[in-house]
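I'm opening my notebook on this one and writing down what I look up as I go. Short entries, whole sentences.

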Amino acid sequence: MPTDLSPRPSVGRVVHYVSHGTPVQPCGAQAFPPACRAATVTEVDPDDPARVGLAVTNPTGTFFHPLSGGGSQHQDVSGGLVGGSWHWPERV
């Protein structure tokens, strides 16, 4: 579990979900790389608060990623973006 989850995720909080992007082509190109998307926490795993269920807002619609389907795991973005993970929005 990540060591820095403060503030702890809770239902209704806004986070960033990292999309998976399109599959990598044989030439190494990717039509759409992973990208941050706005998401709302819909549920928190009581045994692992770093794993949450999300409602993700994409430019083309809404995607639901519930705990029953595996949820989404918290990620420290200092190591780069990993598709399928969530993190706190960057401060600007």
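**Entry 1: the charged pair**

I began with R51 and D45, whose side chains meet in a salt bridge, with 2.9 Å from N to O. This is a predicted model, so I keep in mind that side-chain atom pairs count only at pLDDT 80 or more. Side chains of opposite charge can pair when their charged atoms come close. How many salt bridges does the count come to? It comes to 1.

Next I asked myself: are the two partners buried or exposed? R51 is partly exposed, at a relative accessible area of 22%. D45 is buried, at 10%. The cut-off for buried is under 20%, so R51 misses it and D45 makes it.

**Entry 2: the nonpolar core**

Which residues make up the largest nonpolar core? I listed V15, Y17, A39, V41, V52, L54, V56, W86 and W88, which is 9 residues in all. At least two of them come from each of β1 (14-18), β2 (36-44) and β3 (51-58). The largest share is from β3, with 3 residues. I added a general note to myself: in soluble globular proteins, nonpolar side chains tend to be buried together.

**Entry 3: strand β1 and its neighbours**

I looked at how covered β1 is, and 4 of its 5 residues turn out to be buried. Then I checked which strands β1 pairs with. With β2 the pairing is antiparallel, over 5 bridges. On that side, V14 stands opposite T40 of β2. β1 also pairs with β6 (residues 86-87), again in the antiparallel sense, over 2 bridges. There I found Y17 opposite W86.

**Entry 4: aromatic rings**

I searched for aromatic pairs, and the whole structure has 2. In one of them, Y17 and F63 sit with their ring centres 6.3 Å apart and 40° between the planes, and the pair is tilted. I noted that this pair links distant parts of the chain: Y17 is in β1 and F63 is in strand β4 (residues 61-65), 46 residues apart. Y17 is buried, with a relative accessible area of 4%. F63 is partly exposed, at 36%.

Then there are W86 and W88. Why is this pair called edge-to-face? The planes of the two rings stand at 85°, and the cut-off for edge-to-face is over 60, so the label fits. Their centres are 5.2 Å apart. W86 and W88 are both buried, and both were already on my list for the core.

**Entry 5: β3 meets β4**

Back to β3, this time for its pairing. β3 and β4 run antiparallel, and 5 bridges join them. T57 has T62 in β4 as its bridge partner. How many residues does the hairpin use to join β3 to β4? I found 2.

**Entry 6: how far I trust this**

Last, I looked up the confidence. The mean pLDDT of the protein is 88, and 93% of its residues reach 70 or more. I also looked at the extremes: the lowest confidence is in β4, at a mean of 93, and the highest is in β2, at 96. A reminder to myself for other models: where pLDDT is low, the predicted coordinates should not be read in detail.

Definitions and conventions
Residues numbered from 1 in each chain as written. Heavy atoms only, no water. Salt bridge = Lys/Arg side-chain N within 4 Å of Asp/Glu carboxyl O. Buried < 20%, exposed > 50% of the residue type's maximum accessible area, 1.4 Å probe, protein only. Core = buried A, V, L, I, M, F, W, Y, C linked by side-chain atoms within 4.5 Å. Pairing = 2+ DSSP bridges. Phe/Tyr/Trp six-rings, centres within 6.5 Å; stacked < 30°, edge-to-face > 60°. pLDDT = per-residue confidence, 0-100.
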